[in-house]
Amino acid sequence: MARRRQIYEGKAKILYEGPEPGTLIQYFKDDATAFNAQKKGTINGKGVLNNRISEHIFTLLDAIGVPTHFIRRLNMREQLIRQVEIVPIEVVVRNVAAGSLSKRLGIEEGVKLPRTIIEYYYKDDALGDPMISDEHIAAFGWASQEEMHDIADLAIRVNDFLTGLFAGVGIKLVDFKLEFGRIWDNDYGRIILADEISPDGCRLWDMDTNEKMDKDRFRRDLGGEAEAYQEVARRLGLMPEGEDSAVLDLDSHRKRRGK
């Protein structure tokens, strides 16, 4: 069967024309990028794991009433999604100091924040996705005030749910990125969750050891990226116990690397 028409290709996913109007097929790649694609590589099997993890999380979010673009998983690397008009804003939810927040404000990584912080970034690779404020969003019309209220409310709901979900399997949700889109009913637009939720866009640390279980292993040349993604999937109950290729033992990994 011929491949459907490609609509868009990003750093980690490709979007294809869907089988019905208003749908797309989202394909998850193994490509890994960091620092606005200045660092590039491959994490074997990442696309398969992210597809499965994101499906699991979006299905659970749908069950608690969070509207998403996810319809169903099609195969190991593809899922059927609703076509949305993407709001050009990356929403970053932070619970613990890490990454750019630590660098900007001089806060040691791992410090629990006094309250959850929501940050907004303008989606533009050429500009390096600069941080923006509500004033920028309103001035340039990227989203209405009502839409931003919906986005902030949904971001907090997702954070509350994911924090509990991951804590239940011994993982600390440090921070994560969300994207949102509009779906239209005549002239009325409604905000729904889009893109994906996976170790690519989340900082996930082991609750006991603070071992990184996300793309920071690639960013910081720590190694063991594929095993970390596999361990997240295993803890979420998405991979059978005892599969040699599916279980991460980070202590063994460090020993193999002589660390």
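**Exercise 1. What radius of gyration does the protein chain have, and what would a compact globule with 259 residues have?**

Solution. Keep in mind that you're looking at a predicted model.
- Step 1: For a compact globule of 259 residues, expect a radius of gyration near 18 Å.
- Step 2: Now take the protein chain itself, which has 18 Å, so the value agrees with that expectation.
- Step 3: For the spans, follow the C-alpha trace along its principal axes, and you get about 60 × 50 × 35 Å.

**Exercise 2. Work out how much of the chain is buried and what its surface is made of.**

Solution.
- Step 1: A residue counts as buried when its relative accessible area is under 20%.
- Step 2: By that cut-off, 49% of the 259 residues of the protein chain are buried.
- Step 3: On the outside, the accessible surface comes to about 13100 Å², with 49% of it belonging to carbon and sulfur atoms.
- Step 4: Turn to the contacts with a separation of 6 or more: residues 24 or more positions apart account for 57% of them.

**Exercise 3. Find the open sheet of five strands and say which strands stand at its edges.**

Solution.
- Step 1: Start with the inventory: the protein chain has seven helices and 14 strands.
- Step 2: Five of the strands form an open sheet in the order 1-2-3-7-6, and the pairing is antiparallel.
- Step 3: The edges belong to strand 1 (6–9) and strand 6 (70–73); each has a single partner strand, so one side of each is left without a neighbour in the sheet.
- Step 4: Going from one strand to the next, the twist averages 25°.
- Step 5: Zoom in on strand 6, which is joined to strand 7 (residues 78–82) by three bridges, the two running antiparallel. For R73, the bridge partner in strand 7 is Q79.
- Step 6: Add the helix: helix 1 (residues 46–63) lies across strand 3 (23–28), strand 6 and strand 7. Its direction is at about 130° to strand 6.

**Exercise 4. Describe the surroundings of D134.**

Solution.
- Step 1: Place D134 in helix 3, which covers residues 134–140.
- Step 2: Check its exposure. Partly exposed is the range between under 20% (buried) and over 50% (exposed). D134 has a relative accessible area of 47%, so it is partly exposed.
- Step 3: List its contacts, leaving aside neighbours within four places in sequence: D134 touches Y120 and M148.
- Step 4: Finish with a distance. P21 is 113 residues from D134 along the chain, and their C-alpha atoms are separated by 33 Å.

How values were computed
Residues numbered from 1 in each chain as written. Predicted model: local features only at pLDDT ≥ 70, side-chain atom pairs only at ≥ 80, totals over all residues. Heavy atoms only, no water. Pairing = 2+ DSSP bridges. Helix = DSSP H or I, 4+ residues; strand = E, 2+ residues; numbered from the N terminus. Axes fitted to C-alpha atoms, helices over the stretch in contact; angles between N-to-C directions. Contact = heavy atoms within 4.5 Å. Buried < 20%, exposed > 50% of the residue type's maximum accessible area, 1.4 Å probe, protein only. Rg over C-alpha atoms; globule rule 2.2 N^0.38 Å. Areas by Shrake-Rupley, 256 points an atom, 1.4 Å probe, with all protein chains shown as cover.
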